[in-house]
Amino acid sequence: MATRTADTRRVSIPRGYFRALWERRWFIRELAFGNIMGKHATDMLGVLWWVLNPLMMTGVYFLVFGVILGGRRGDPAFLAYLLVGVFAMRYMSGTMVGSAKMITGGGKLITTIAFPRMVLPLAAMIEDATAFLAALGSFYFLVAPINSIWPTWWLLFFPVPFLLHSMFVLGMGALTARLVVPIRDIRNVVPHLTRMWFYLTPILWTLDRIEGAATWIQVMVKANPMFSFLSLYRTALMSRPFEPVYLATSAAWAVVILVFGVWTFIRHEGSMARYL
Amino acid sequence: MTGATPTPVPTAPEDYAIHGQGIRVTYRPYTSKVPLLGKVLSSSGPEVHALDGVDITVPVGTSIGILGRNGAGKSTLLRVLAGTLMPDAGRVEVRGRISTLLSLGSGFNGDLTGRRNVWLGCLATGLSREETADLVEPILEFSGIGEAADRPLNTYSSGMVARLAFAIGTTMSPDILLIDEILSVGDESFRDKSHRAMRDLVDRAGNLVIASHRLKIFRELCEQIVWIDRGKVIEVGDPKTVIKEYRKHIKAGIV
């Protein structure tokens with residue numbers, strides 16, 4: 001027989017938390033992929049929308065920002081440049097919104113069954129990571145004929161930015177999920193925040209746009225964690241020059257946000273049920 | 001007024017399945033918990049003492065009823081025992097595997113089929129994939145929902161959802177089953193079936209904790225009643241005595 005002691009409020013991560021999380025791996029998988037099935041089961045093209053949605057979105061951006069506003073002159077392979085940014089950004093914002101939804105929508109699950117709540121942001125992340133990888137599957141089919149970009153040995157480097165970015169994304173998801181419980185309004189703010197983040201990151205525009213701008217602007221643009229991750233992704237997928245400094249900043253951002261996000265989430269998960 | 005009767009504490013630690021002391025839960029409206037403005041806003045929201053120092057002991061192999069009016073704190077107490085809600089103060093010790101049927105029906109994902117929801121429910125409690133695979137068919141069979149198992153849960157009647165939830169809760173053969181006001185669901189035959197399942201559980205030294213304000217269930221299934229009101233234990237004792245007291249107070253309009 002197991003003894004479970006629920007002492008007053010938790011100040012640190014309880015012992016055995018991560019083991020309990022590991023024991024829920026099948027639950028996480030079911031939540032992540034059950035969502036995918038549920039979400040698209042009623043659409044005719046089904047899971048194909050995973051790929052089509054970001055592609056259509058990129059199409060709109062390409063037309064408006066690339067062609068009409070002339071952004072494509074900034075990069076010889078603007079479509080590839082744009083696709084990497086849109087996909088990676090969708091992965092993050094999708095997980096942030098998804099984590100919040102898991103908490104607010106999973107109300108009864110949370111008040112009924114005791115399980116480590118990190119299951120929820122993790123499932124949200126895995127769902128969006130899968131959608132991200134599925135969308136990337138279409139990448140070379142598009143950019144090879146249009147931008148003549150082909151996979152090179154650098155593609156083997158892809159797991160590195162993917163892992164670091166995923167750590168960061170999970171941390172952001174946990175942070176959003178932790179905040180959405182006491183402050184429901186976060187749900188309305190997150191989409192605008194991520195959109196702002198998207199526009200401020202060099203995705204629709206290229207770095208030459210800020211040449212000659214004030215130093216603080218230059219510093220701000222490069223301090224943006226997404227900028228670091230995108231630099232590494234573009235190295236892996238588009239064979240852009242590898243700059244070690246972005247590997248260092250990516251790793252730093254990934255570790256700091258993951259540890260902080262998960263720590264604050266777990267600290268507060270015991271009081272979650274009283275707000276749902 | 002009877003006042004809080006202290007529950008006798010068992011001498012040996014093996015004697016109880018659940019032992020809680022001084023459980024206190026305070027709800028605040030969530031807007032008062034904005035981290036940065038917490039100090040400013042926390043004074044504006046009224047605090048609700050859902051549980052105000054509750055002691056509860058469930059000896060192994062007994063079934064306990066939690067009696068009280070709506071809003072007395074029954075559901076909150078069950079959540080604390082289930083481990084889904086961390087109390088503000090107090091200690092809860094639980095021995096054995098818990099299964100909950102709290103506020104039935106909505107712990108599920110409506111877009112998914114009944115079968116997949118059974119998977120979700122079992123996996124959430126920490127069962128392995130193999131254990132769950134072995135349980136899915138027995139659960140569906142017990143629920144008696146038939147072919148509806150492969151239809152989305154959205155298409156179910158509330159009675160069918162409740163049957164499914166009850167089937168999950170009992171088929172997992174937990175050591176402790178927590179039930180929150182559901183016994184009125186389902187038709188006659190299912191009610192008989194569910195009562196039998198609950199008695200079986202108690203017979204194999206399992207524990208039942210039922211929260212309700214329906215007195216009949218307590219007489220049928222419980223050996224001990226804990227009567228709570230406004231977050232405090234009013235009386236603990238055998239069903240006959242406590243229910244009599246409770247009735248008296250209800251009639252007199254005291255509680």
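The radius of gyration used here is taken over C-alpha atoms, and the globule rule is 2.2 Å times the number of residues to the power 0.38. The model is predicted.

**Exercise 1. Overall form of chain A**

Task: What radius of gyration would a compact globule of 276 residues have, and what does chain A have?

Solution.
- Step 1. Put 276 residues into the rule: a compact globule comes out near 19 Å.
- Step 2. Chain A has 20 Å, which agrees with the globule value.
- Step 3. Add the extents. The C-alpha trace of chain A spans about 65 × 50 × 35 Å along its principal axes.

**Exercise 2. Elements and contacts of chain A**

Task: How many helices and strands does chain A have, and in what order do they run from the N terminus?

Solution.
- Step 1. Count the elements: 12 helices and 1 strand.
- Step 2. Read the order. The strand leads, and the helices follow it.
- Step 3. Turn to contacts in chain A with a separation of 6 or more. Residues 24 or more positions apart account for 80% of them.
- Step 4. Check burial: 53% of the 276 residues in chain A are buried.

**Exercise 3. Surface and charge**

Task: What share of the accessible surface belongs to carbon and sulfur atoms in chain A, and what share in chain B?

Solution.
- Step 1. Chain A exposes about 12,900 Å², with 69% from carbon and sulfur atoms.
- Step 2. Chain B has about 11,200 Å² of accessible surface, and 52% of that belongs to carbon and sulfur atoms.
- Step 3. Locate the charges of chain A. It carries 25 positive and 12 negative charges, and their mean positions lie 6 Å apart.

**Exercise 4. A residue in helix α5 of chain A**

Task: Is A:Ile110 buried or exposed?

Solution.
- Step 1. Place the residue. A:Ile110 sits in helix α5 of chain A, residues 107-112.
- Step 2. Take its relative accessible area, which is 0%.
- Step 3. Apply the cut-off: buried means under 20%. A:Ile110 is therefore buried.
- Step 4. Look along the chain. A:Glu269 is 159 residues away from A:Ile110 in sequence, yet their C-alpha atoms are separated by 10.0 Å.

**Exercise 5. Strand β1 of chain B**

Task: Which strands pair with β1(B), and in which sense?

Solution.
- Step 1. Set the context. Chain B has 8 helices and 9 strands.
- Step 2. Start with β2(B), residues 48-59. It runs antiparallel to β1(B), and 9 bridges join the two. B:Thr26 stands opposite B:His49 in this partner strand.
- Step 3. Go on to β4(B), residues 89-95. The pairing with β1(B) is again antiparallel, over 5 bridges. Here B:Gln21 has B:Arg91 as its bridge partner.
- Step 4. Check the cover. β1(B) covers residues 16-27, and 9 of its 12 residues are buried.
- Step 5. Set this beside the whole chain: of the 255 residues of chain B, 53% count as buried. Among its contacts between residues at least 6 apart, 71% join residues at least 24 apart.

**Exercise 6. Positive phi outside glycine**

Task: Where are A:Ser148 and B:Arg230 found, and are they buried or exposed?

Solution.
- Step 1. Read the angles. Phi is near 40° for A:Ser148 and about 45° for B:Arg230. A:Ser148 is a residue other than glycine, and B:Arg230 is not a glycine either.
- Step 2. Place them. A:Ser148 lies in the loop between α7 and α8 of chain A. B:Arg230 lies in the loop between β8 and β9 of chain B.
- Step 3. Apply the cut-off: exposed means over 50%. A:Ser148 has 52% relative accessibility, so it counts as exposed. B:Arg230 has 59%, so it is exposed too.

Note on methods: Residues are numbered from 1 along each chain as its sequence is written. Chains are lettered from A and ligands numbered from 1 in the order in which they are written. This is a predicted model: local features need pLDDT of at least 70, side-chain atom pairs count only at pLDDT 80 or more; totals for chains, interfaces and linings use all residues. Side-chain values use heavy atoms; hydrogens and water are left out. Helices (H or I, at least four residues) and strands (E, at least two) are DSSP runs, numbered from the N terminus. Buried means under 20% relative accessible area, exposed over 50%, partly exposed in between (1.4 Å probe, protein chains only). Contact means heavy atoms within 4.5 Å. Accessible areas come from the Shrake-Rupley method with a 1.4 Å probe; for residues, only the protein chains shown count as cover. Lys and Arg count as positive and Asp and Glu as negative; His and the chain ends are not counted. The place of a charge is taken as NZ of Lys, CZ of Arg, CG of Asp or CD of Glu. Two strands pair if DSSP finds at least two bridges between them.
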